[in-house]
Amino acid sequence: MEPPSRHAGTDIIIEDARWRFSIPDTERAIRRALTAVARQGGPDFSRSPAPSILLSTDRIVKRLNARFRNKNKPTNVLTFEPVSPIHGGDIILGYETVRKEADAAHRSMRAHLSHLVVHGALHLAGYDHYQPGEARDMEGVETRTMRQLGFGDPWRQAGRRA
């Protein structure tokens, strides 16, 4: 049995029941991902405000993406920086896109959700992937974190770089 998560204060809102049906003990999977990323050099939310996590639908993600990013389409994860020093930021995921990506990569929903929570947490910590060096660093932390969680390299699919 795993010790209690240090991220018990993370607000997790599950708007769409499909998340719970697809990932038993959804909240635990999220808290494990946040704890694991801290162990790999990512943000340690036991020392700083934890993000809020919203598990929603593509419709909601599309609306937010259009309003705040000027991209009128859904995406797998949106990350919003903290609005104040006492807020940890927001990580928002759309069910349909996450499910489609998990199926296409032959990964479980638990593995893919964990990866996207890690990815979002790293964005909140200042990591990015727009430049090759940045992407390499971020992907390295993601890969180590996912292996620590017992999952494979999230950037490999059938033996190739995704």
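A crossing of two helices is right-handed if the near helix is turned clockwise from the far one by less than a right angle. Keep that in mind for the second stop. The model on screen is predicted.

**Stop 1: the sheet.** Select the four strands. They form an open sheet with the order 1-2-4-3 and mixed pairing. Strand 1 (12-14) and strand 3 (77-80) are at the edges. Each has a single partner strand, so one side of each has no neighbour in the sheet. From one strand to the next, the twist averages 15 degrees.

Now zoom in on strand 3 and strand 4 (residues 90-94). Their pairing is antiparallel, over four bridges. Pick T79: opposite this residue is I91 in strand 4. Then add helix 4 (residues 95-104), which packs on the sheet and touches strand 2 and strand 4. The direction of helix 4 makes about 70 degrees with that of strand 4.

**Stop 2: helix 2.** Select residues 26-39, which make up helix 2. This helix lies across strand 1 and strand 2 (52-56). Helix 2 runs at about 140 degrees to strand 1.

Next, show helix 6 (residues 132-148). The axes of helix 2 and helix 6 come within 9 Å and cross at roughly 125 degrees. Helix 2 is therefore oblique to helix 6. The crossing is right-handed.

**Stop 3: the contact.** Which residues of helix 2 meet helix 6? Show side chains for A33, A36, V37 and R39. Across from them, in helix 6, are V141, T145 and Q148. Colour this contact by residue class: four are nonpolar, two polar and one charged.

Terms used: Residues are numbered from 1 along each chain as its sequence is written. This is a predicted model: local features need pLDDT of at least 70, side-chain atom pairs count only at pLDDT 80 or more; totals for chains, interfaces and linings use all residues. Side-chain values use heavy atoms; hydrogens and water are left out. Axes are lines fitted to C-alpha atoms, for helices over the stretch in contact, and angles run from 0 to 180 degrees between N-to-C directions. Helices (H or I, at least four residues) and strands (E, at least two) are DSSP runs, numbered from the N terminus. Angles under 35 degrees count as roughly parallel, over 145 as roughly antiparallel, 65 to 115 as roughly perpendicular and the rest as oblique. Contact means heavy atoms within 4.5 Å. Ala, Val, Leu, Ile, Met, Phe, Trp, Tyr, Cys and Pro count as nonpolar, Asp, Glu, Lys and Arg as charged, and the others, Gly among them, as polar. Two strands pair if DSSP finds at least two bridges between them.
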